[in-house]
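Q: Please take a close look at salt bridging in this one for me. Start there, then work outward to whatever else helps build a picture.

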Amino acid sequence: MSNKLVAYIGILGVGLFAIAAIIGPLLIEDYSIVSQYISESFASNTQYGKYLQYLGYVPSGILTAIFCFSAPKYLQNSRWIKAGFIGLAIFYGLGTILVGLFPCDAGCPTNIMMSSDSQLIHNAAASLTYIFLPFCMLAIGLGLKKFEVHHRLSQITFATAIVSGIFIFVLISNPESGYRGLLQRIIETSFITFMVSSALEIKNSTKSVLGS
């Protein structure tokens, strides 16, 4: 694939996620983006949940995984960069696919005794995604820092990794917080910022600066 195609795949991947996350709450009366998880907009009891799953989150995860597996080829050669993007492909890309395929129950309960098998898979995939997300981004940032050509992207990567890490810690510390929806959206916005920045960097790259 060309660098531009890889870039467009990455942008489309997070674009689908963002669109689904915006449209979903609009389809549910009295939904609160501040106090409700994104997953609650396509929970098993929602009328339009299937559309959000299979037109939004599942293809978003597939495209994100493809981008992350491909991205290191268009950046400087670094084990840290490769490891970070492979981690994102697995934990965020494939994690988003699982989250989309296995929606949570009504209200997305965190009590495992009250959860269906779909809810348990959903929670496990979401938890692993958020636990590893900041570490993968930090690894990429460390790899990018070694190359002056990627100085700006390394700064963005470190910033978004730190922001996401802080808010993930706050969210995991109190998953029933009245601000859980807002916290999750800040985390996702951080990741989208990183992805778009990485995609634009790759789009503007040329064969002559590729490290592999």
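**Salt bridging and its surroundings**

A: Let's start with Arg180, which counts as buried, its relative accessibility being 16%. Keep in mind that this is a predicted model, and every value here is computed from it.

The partner of Arg180 is Glu40: their side chains meet in a salt bridge, 4.0 Å from N to O. Glu40 counts as buried too, at 9% relative accessibility. Where do the two parts sit along the chain, and how far apart are they in sequence? Glu40 is in the loop between H1 and H2, while Arg180 belongs to helix H6 (residues 180-203), so the pair ties together parts that are 140 residues apart in sequence. If you go hunting for others, a search of the whole structure finds 1 salt bridge.

The loop that holds Glu40 has something else to look at. Asp30 sits there too, between helix H1 (3-26) and helix H2 (49-70). Its phi is near 65 degrees, a positive value, and Asp30 isn't a glycine. Unlike a buried residue, Asp30 counts as exposed because its relative accessibility is 70%.

Now for a charged residue without a bridge. Asp105 is buried yet has no salt bridge, and the nearest side chain of opposite charge, that of Lys50, is 11 Å away. Asp105 is found in the loop between helix H3 (79-101) and H4. So what does Asp105 touch? Leaving out residues up to four places away in sequence, Asp105 makes contact with Ala43, Ser44, Met114, Ser115, Ser116 and Gln119.

Next door in numbering, there's some sulfur chemistry to check. Cys104 and Cys108 form a disulfide, with their sulfur atoms 1.8 Å apart. Cys104 counts as buried at 0% relative accessibility, and Cys108 counts as buried at 7%. Cys68, on the other hand, is in no disulfide: the nearest cysteine sulfur, belonging to Cys136, is 8.9 Å away. Why is there no bond for Cys136? Its sulfur lies 8.9 Å from the closest cysteine sulfur, in Cys68, and that's too far for a bond. Cys68 is buried with a relative accessible area of 0%, and Cys136 is buried as well, at 9%. The total for the whole structure is 1 disulfide.

Back in helix H3 you'll find Tyr92. Tyr92 is buried, with a relative accessible area of 4%. Its contacts, again skipping residues up to four places away in sequence, are Phe17, Thr64, Gly87, Thr129, Leu133, Glu188 and Phe191. For a sense of scale, the C-alpha atoms of Tyr92 and Ser173 are 20 Å apart, and the two residues are separated by 81 residues along the chain.

Finally, the outside. A nonpolar surface patch covers about 930 Å², and its members are Leu128, Ile131, Phe132, Phe135, Leu138, Ile162, Ile166, Phe169, Val170 and Ile172. Helix H4 (117-145) and helix H5 (151-173) are the elements that give two or more residues to that patch. Take Ile131, which is in helix H4: this residue is partly exposed, with a relative accessible area of 40%.

To come back to your starting point: the bridge joins Glu40 and Arg180, whereas Asp105 is buried and has no salt bridge.

Note on methods. Residues numbered from 1 in each chain as written. Predicted model: local features only at pLDDT ≥ 70, side-chain atom pairs only at ≥ 80, totals over all residues. Heavy atoms only, no water. Patch = residues over 30% accessible without salt bridge, like charges linked within 9 Å, V, L, I, M, F, W, Y side chains within 5 Å. Areas by Shrake-Rupley, 256 points an atom, 1.4 Å probe, with all protein chains shown as cover. Helix = DSSP H or I, 4+ residues; strand = E, 2+ residues; numbered from the N terminus. Buried < 20%, exposed > 50% of the residue type's maximum accessible area, 1.4 Å probe, protein only. Lys, Arg positive; Asp, Glu negative; His and termini not counted. Contact = heavy atoms within 4.5 Å. Disulfide = S-S within 2.5 Å.
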